Amino acid sequence: MEDIVTACSSSVTHFAVLIISCLGFVVTLNHLISLVTRISNSCLRSEKDLTRTYGSWAVVTGATDGIGKAFACQLARRGLNLVLVSRSFEKLETVAGEIRAEYPGSHVRVVEVDFSGGEVCEGLRRVEEVIGGLDVGILINNVGITYPGAMFFHEVEEKVWRNIVRVNIEGTTRMTKVVLPGMLRRKKGAIVNIGSGASVVVPSHPLFTVYAATKAYVDQLSRSLYMEYGQCGIHVQCQVPLYVATNMVSRVACIERDSLFVPTAEGYARAAIRRIGYEARCTPYWAHSIQWYFARLIPDPLLDAWRFSIAMHRRKSQPKLN
Ligand SMILES: NC(=O)c1ccc[n+]([C@@H]2O[C@H](COP(=O)([O-])OP(=O)(O)OC[C@H]3O[C@@H](n4cnc5c(N)ncnc54)[C@H](OP(=O)(O)O)[C@@H]3O)[C@@H](O)[C@H]2O)c1
């Protein structure tokens, strides 16, 4: 009798070990496939011929600096004509001049719109006027702003959070509304909305809460539009950058230069253009993709605590804001 009990318990143990090993194998395989897919999507997949696939004009918002300016240059390099949208006419003219000088084949028009200002409707009417009759195939909804520094929600002045909502949420939504009808008529187009790792890669982004929340809106807007308009030949995508070395990041994260995990705006834009027309949501830069992969392995409470301690450290070291 004792032998039978021992034999039974040993076969139960063997069975349990077998099940756990199988599960371990499946989980490891799953992670490996996900890692390899991320890297190959970032590095190996071929770039779409943007003019042929979508049209010869692209509209870029927030085009006078950082990621937006880099996108504009990369698009011009590929032979696209550009409508640059930003708030300062002088800066727009300077960037347009630089692009015309470097890519003489590319036509560049500029429209001044302050997405946080009271005359945004008038600005958008000017965008409509300029793009009327143009074969606008691509919209890079890049414009975005954040807090001047790390701060608790109750400390954020009304003007600051309202501007963030206006620029990040309303700006992205309004520009999509302006450009979409033409794309629908032509039955083709690509809309790239610039989200942020702040709302996707980490479970929270304390002390930059309103910024992260507006980027969660951009993410959901993009996903749902991807489903609504995919069948009409319009590809909507949310790109999720982590840190990119721009003025914004130097202001809020004290990152002054590029490094392995922090690309230049040009490096980001080069990678970003390769992803246009593929998945609904992506993080184009290879090193960001790896960071996202490892972040997924860390339990949310740990990531939350880590983000909070970083934000508190920043708050202590930044100059006093009020
Ligand atoms: N840099 C990062 O690490 C990072 C990470 C994740 C997501 N993102 C997102 O990427 C996008 C671009 O960020 P960035 O780092 O390139 O920013 P940036 O260097 O600060 O450039 C922002 C651009 O937007 C324009 N802009 C700002 N406020 C505007 C307004 N009210 N109306 C019209 N245009 C306005 C700026 O024009 P002016 O030149 O006149 O100021 C500038 O051209 C944003 O949506 C941001 O949230 C950035």
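Helices (H or I, at least four residues) and strands (E, at least two) are DSSP runs, numbered from the N terminus. Residues are numbered from 1 along each chain as its sequence is written. The model is predicted: local features need pLDDT of at least 70, side-chain atom pairs count only at pLDDT 80 or more, and totals for chains, interfaces and linings use all residues.

**Exercise 1. Place Lys187 and Cys254, and state whether each is buried or exposed.**

Step 1. Lys187 sits in the loop between helix H6 (158-186) and strand E5 (189-194). Cys254 sits in the loop between H9 and H10.

Step 2. A residue is buried if 20 or more other C-beta atoms lie within 10 Å of its own, exposed if 12 or fewer, and partly exposed in between, with C-beta atoms placed from the backbone.

Step 3. Lys187 has 9 other C-beta atoms within 10 Å, so Lys187 is exposed. Cys254 has 11 C-beta neighbours inside 10 Å and therefore also counts as exposed.

Step 4. Neither residue is a glycine, yet phi is positive: near 60 degrees for Lys187 and about 55 degrees for Cys254.

**Exercise 2. Check the length of helix H4 (residues 89-102) and find which side of H4 is buried.**

Step 1. The expected span of a helix is 1.5 Å times one less than its number of residues. For the 14 residues of H4 this gives 20 Å, and the end C-alpha atoms are 20 Å apart, which agrees.

Step 2. The buried residues in H4 include Leu92, Val95, Ala96 and Ile99. They cover an arc of only 100 degrees around the axis (taken from the directions from the helix axis to the C-beta atoms), so they lie on the same side of H4.

Step 3. The spacing follows a general rule: an α-helix has 3.6 residues a turn, so residues three or four places apart point the same way.

Step 4. The face turned away from the buried side carries the exposed residues Glu90, Gly97 and Ala101.

Step 5. Two residues are in contact if their C-beta atoms, placed from the backbone, lie within 7 Å. The buried residues of H4 pack against H3, strand E2 (81-86) and strand E3 (108-112).

**Exercise 3. State how many residues of helix H10 (residues 265-274) are buried, and what covers them.**

Step 1. Seven of the ten residues of H10 are buried, which leaves the helix mostly covered.

Step 2. These are Ala265, Tyr268, Ala269, Ala271, Ala272, Ile273 and Arg274.

Step 3. Their cover includes helix H1 (2-43), H3, strand E6 (234-239) and helix H11 (286-297).

**Exercise 4. Describe the shell around the ligand.**

Step 1. A residue is near a molecule or strand if its C-beta atom, placed from the backbone, lies within 6 Å of it. There are 30 residues around the ligand, and Gly62, Gly66, Gly144, Thr246 and Met248 come nearest.

Step 2. Helix H3 (66-77) and helix H9 (247-253) are the elements that give two or more residues to this shell.

Step 3. By class, the shell has 14 nonpolar, twelve polar and four charged residues. Ala, Val, Leu, Ile, Met, Phe, Trp, Tyr, Cys and Pro count as nonpolar, Asp, Glu, Lys and Arg as charged, and the others, Gly among them, as polar.

**Exercise 5. Summarise the whole protein.**

Step 1. The protein has twelve helices and seven strands.

Step 2. Of its 322 residues, 39% are buried.
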